[in-house]
Amino acid sequence: MLTTTAIKAQVPAYPTAPKDNTVDEYFGVKVADPYRWLEDDTSEATAEWVKAENEVTDAYLKKIPQRRHLLERLRQVSNYDKVGAPFHRQGRWFFYKNEGLQNQSVLYVMDRLGGEPKVFLDPNKLSDDGTVALKGVYFSHNNKYVAYIISRSGSDWEEIFVLDSKTGEQLKDHVKWAKFTNASWVGDGFYYSAYDPPVEGKEYSNVNEGHKIYYHRVGTPQSDDQLVFANPAYPKRFYGVYTNEEEIIQVLSESGAGAGNNIFVRDLRVPGSQFMQLTSNMDNMYDVVETVGEQLYIYTNDGAPKGKLMVADLSHPGISQWRTLIGEGDDVIESITFVGGRIVVTYTKDASTHAYLYNLEGKRLREIELPSVGSASFTGKFAEKECFYTFSSFTVPGTVYQYDLDSGNSTVYATPKVNFRQGDFITEQVFFESKDGTRVPMFLTYKKGMKKNGKNPVLVYGYGGFNISLTPSFSAMRLPFIEHGGIYAMVNLRGGNEYGEEWHLAGTKMKKQNVFDDFIAATEWLIANRYTSSSKVAIQGGSNGGLLVGACMTQRPELFAVAIPQVGVMDMLRYHKFTIGWNWASDYGTSDDSREMFEYLKGYSPLHNLKQGVAYPATLVTTADHDDRVVPAHSFKFAATLQACHTGKNPVLIRIDSKAGHGGGKPLAKVLEEQADIYGFIMYNLGMKW
C-alpha cells in the first residue's frame with residue numbers, strides 16, 4: 001500500500017477538456033463559456049469526459065488508506081433499526097421501518113397500535129439495486145384504494161400506482177411524467193400534478209413548463225385522465241391540490257413566482273364549482289394545515305415574518321375575512337399539527353425545536369417538554385387522541401415518543417440502538433459576529449476532552465437559502481469523523497428560516513453575499529478561538545449549499561484545506577435555463593433581470609470566479625447523472641474550469657454517480673459508498689489517522 005506521503009506527492013493527471021468559442025453577451029458585457037458543450041448530458045463527448053474523470057477520481061480514492069476502514073465503520077453504525085412514528089389510516093396503523101442496511105425503508109401495517117406488523121409495501125422489491133424510491137403513500141377516503149408514488153434513479157420525475165387497500169393487490173393503474181405531486185383522493189379517483197411528456201433524450205435537462213392538474217379514475221388508462229386545471233399564461237409555475245377527508249373542501253396551491261404561494265379553494269358539494277382565489281401575493285406563504293367542518297386553518301407569514309395561524313370560513317373565504325387564532329410570537333413557527341381536538345405548535349428558537357399545546361380557541365395550554373436540545377416533529381389526527389413525535393439531535397438518533405395530551409407525559413415508543421458510545425460526545429451552541437456585526441449561531445459536536453489547541457480537524461457545514469432551517473439532526477455518516485477527533489460544525493446562515501422571513505431575505509438576491517460572509521466568519525471564529533487552523537478545515541454543502549462552498553472556496557481559497565461542493569448551483573448566469581432552475585429566482589434573481597443583478601451574480605458565481613494560477617483547496621465535487629433538480633452541467637463546467645485554473649499539489653476531482661439524482665431516495669448502498677469516498681477524501685487531506 002502506498003504511504004500517505006507517496007499519495008500526496010502524486011498530483012492527478014486530469015483529463016483534457018477541450019474549449020470552444022462560446023461567448024454570451026449580458027447588457028453589453030461579453031462572458032466566455034468555453035465548456036458549454038458539457039451542458040449536453042446526452043452527447044458522446046460528455047460521456048467520454050465523465051468516464052475519464054471518474055477513472056481519475058476512482059484511482060485516487062482507492063489509494064486512500066482510510067477509505068476501506070471508513071466504509072466498514074459506516075456500515076456498522078448504519079446497521080440499526082430506523083422506525084418512523086405510526087400513523088392511522090383506513091382503520092389500521094402504518095409505520096416505516098428500515099432493519100439496518102436495507103436500501104429503502106419498508107411500509108408496515110398493524111391491525112391495532114402495538115399489534116403484529118406485516119409488510120404492506122416493500123420498495124426494495126421494485127428494483128434489483130434499490131434505485132426505485134417510495135416518495136409517498138396516499139389512502140383513499142372510502143377505504144378502497146392506496147396510491148403510491150415512486151421515483152427512479154433519483155430523478156424528480158414520478159410515477160403513480162394503485163393498490164387494492166384490503167388485498168394489497170396492485171391494480172393496472174399507472175401514471176407517468178408526474179412531478180412534485182401528491183395523490184388527492186375524491187371518490188374512486190385522485191388528483192395529481194404532471195407535465196406533458198418531455199422531449200426524448202432531454203428528460204433530465206430541458207426546462208419544465210406547463211404544470212397541470214389531472215383527475216385519474218381507478219381502472220382507466222392515463223390517456224383518459226381529465227385535465228382539471230392549467231394556466232398557460234404562467235407556464236413556469238407549480239400547481240398542486242389537497243382535498244380534506246370529508247371531500248368537502250379542495251385547496252389549490254400555486255407557487256414558483258416568489259418565495260411563497262397563492263391558494264384557491266372550492267366547495268366540492270356544489271356541482272361545477274370553480275376555484276376561488278383567496279390570496280394574491282406569492283412573496284408570502286399560505287398553507288392550509290387543517291380543516292374542521294367548514295373552517296380552514298391557515299399558516300401564513302403574511303404580515304408576520306415569524307408566522308401565525310389564521311382561520312377562514314368556506315362560506316366567505318377571502319383573506320380580508322380571515323381572523324388570527326395564534327398570533328406571531330418571539331420565535332418562528334416551525335410546524336402546526338391538529339391532534340385530539342387540540343393544536344401542537346412547534347417553534348424554532350435559536351435553531352432548535354420548542355413545542356406547545358394550544359386549544360382550538362388559540363389559548364396556550366402548556367409547553368411540551370422535549371428530551372433535550374434538538375429537533376421534534378409531531379404526528380396525529382384531529383379526531384383521534386393518539387399523538388406521537390420523533391426527536392433527534394446530533395448525538396441522539398430518531399426516537400419515537402407517544403405523547404399523552406391530557407397528562408402531558410411522554411413515553412418512549414421506539415428507540416434505536418446504534419453501535420456508538422453516545423456518552424463520549426458533546427454538542428455546544430456558540431454565537432459569533434459576521435462581517436456586518438450580525439449575530440449568527442453555530443452548533444459544534446465533538447468528543448469529550450477535546451483540547452482547544454488549534455490542531456483539531458473541523459468539518460463546517462451550511463446551507464443558507466430558500467427559507468430552510470438547519471436544526472439538530474442525527475446522521476450515522478458523521479460518526480467516524482467525530483470518533484477520530486473531528487469537530488462537526490453546523491452554521492445557521494442567513495437565507496434560512498431560523499429567525500423568520502427577515503433572516504431569509506437578508507441572504508437573498510443583492511444580499512446573497514451575507515450568506516458567504518457568515519460562513520467565512522464562522523470558520524474565522526473557529527480558528528481565532530483555537531478550535532482549529534486553516535490547514536485543518538473542510539467545508540461541505542449540497543445544492544444551494546454547494547453554491548455556498550463554491551463561492552467561499554473561490555473567495556477565500558487560503559482559508560480552507562478541503563472543499564466538498566455537492567450537486568451545487570455553480571453557474572449563476574444560466575441556472576434558470578434548466579429544468580426547474582427558474583423557480584430559484586426568488587432567492588437569487590437572474591442574469592436577465594437587470595445589469596445590476598447580472599453583475600452581482602457574476603461577482604460571486606463559483607464558475608465565473610475561478611482564477612488561473614490559484615492554489616485551491618483539495619476539492620471533491622459530487623454530482624449524478626439523473627440529477628434533474630440541479631443539472632450536472634453545473635458541476636461539470638465548474639470541475640473542468642477548476643482543473644484548468646488550479647495550481648499546486650491539492651487534488652481537485654469530480655465524482656459523478658450513476659443511476660442517482662439530487663440525493664432524495666438514494667439507496668443506502670450508494671449512500672455508504674459515496675460517504676466513504678467523501679469522508680475518506682476529507683480525513684486523508686486533513687491528515688487524520690485511522
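Okay, let's start with Val567, which sits in the loop between strand E37 and helix H8. Before I go on, please keep in mind that what you see above is a predicted model. Val567 has a positive phi of about 35°, although it is not a glycine. Is Val567 buried or exposed? It counts as buried, at 10% relative accessibility.

Stay in that loop for a moment. Thr579 also lies there, between E37 (562-566) and H8 (585-588). Thr579 is buried too, with a relative accessible area of 1%. And who does Thr579 touch? Leaving aside its neighbours within four places in sequence, Thr579 is in contact with Tyr204, Ser205, Asn206, Val207 and Asn208, and also with Asp628, Arg629 and Val631.

Another residue with a positive phi is Gln90, where the value is near 50°, and again this is a residue other than glycine. You'll find Gln90 in the loop between strand E4 (87-89) and strand E5 (92-98). Its relative accessibility is 18%. The cut-off for buried is under 20%, so Gln90 counts as buried.

Now, sheets. A quick reminder: strands of a sheet pair through backbone hydrogen bonds, either parallel or antiparallel. Look at the open sheet of four strands with the order E20-E21-E22-E23, where the pairing is antiparallel. Which strands stand at its edges? Those are E20 (286-292) and E23; each has a single partner strand, so one side of each is left without a neighbour in the sheet. From one strand to the next, the twist averages 35°.

Let's zoom in on E22, residues 308-313. How many of its residues are buried? Six of its six, so to speak: the strand is mostly covered. Lys308, Met310 and Ala312 point one way from E22, while Leu309, Val311 and Asp313 point the other way, and all are buried.

E22 has a partner on each hand, so to say, and we can take them in turn. With E21 (residues 295-300), E22 pairs in the antiparallel sense over six bridges. One example here is Gln295, whose bridge partner in E22 is Asp313. With E23 (residues 323-326), E22 pairs in the antiparallel sense over three bridges. There, Leu309 stands opposite Ile326 in E23, and the bridge partner of Val311 in E23 is Arg323.

There's another open sheet of four strands to look at, with the order E16-E17-E18-E19 and antiparallel pairing. Its edge strands are E16 (238-243) and E19 (276-277), and each of them pairs on one side only. E16 runs antiparallel to E17 (residues 249-255), and six bridges join the two. If you want a pair to click on, Tyr242 stands opposite Val251 in E17.

Right, on to helices. Find H6, residues 513-528, and H7, residues 544-555: they pack at an angle of about 70°, with their axes 10 Å apart. Angles of 65 to 115 degrees count as roughly perpendicular, and H6 and H7 are therefore roughly perpendicular to each other. Which residues meet there? From H6 we have Gln513, Val515, Phe516, Phe519 and Ile520, and from H7 we have Leu547, Leu548, Ala551, Cys552 and Gln555. By class, that contact has eight nonpolar residues, two polar ones and no charged ones.

That brings me to the core. In soluble globular proteins, nonpolar side chains tend to be buried together. Here the largest nonpolar core has 115 residues, and the members that touch the most others are Trp49 and Ile682. Which helix gives the most to this core? It's H11 (residues 668-685), with ten residues. As for Trp49, leaving aside its neighbours within four places in sequence, it is in contact with Ala17, Trp37 and Leu38, and with Phe636, Ala639, Ala640, Ile654 and Ile656.

Last stop: Glu596, which is found in helix H9 (residues 595-604). After so many buried residues, here's an exposed one: Glu596 has 55% relative accessibility. How far apart are Glu596 and Phe27 in sequence and in space? They are 569 residues apart in sequence and 9.5 Å apart in space, C-alpha to C-alpha.

That's my tour. Thanks for listening!

Terms used:
Residues numbered from 1 in each chain as written. Predicted model: local features only at pLDDT ≥ 70, side-chain atom pairs only at ≥ 80, totals over all residues. Heavy atoms only, no water. Buried < 20%, exposed > 50% of the residue type's maximum accessible area, 1.4 Å probe, protein only. Pairing = 2+ DSSP bridges. Axes fitted to C-alpha atoms, helices over the stretch in contact; angles between N-to-C directions. Parallel < 35°, antiparallel > 145°, perpendicular 65-115°, else oblique. Contact = heavy atoms within 4.5 Å. Nonpolar A, V, L, I, M, F, W, Y, C, P; charged D, E, K, R; others polar. Core = buried A, V, L, I, M, F, W, Y, C linked by side-chain atoms within 4.5 Å.
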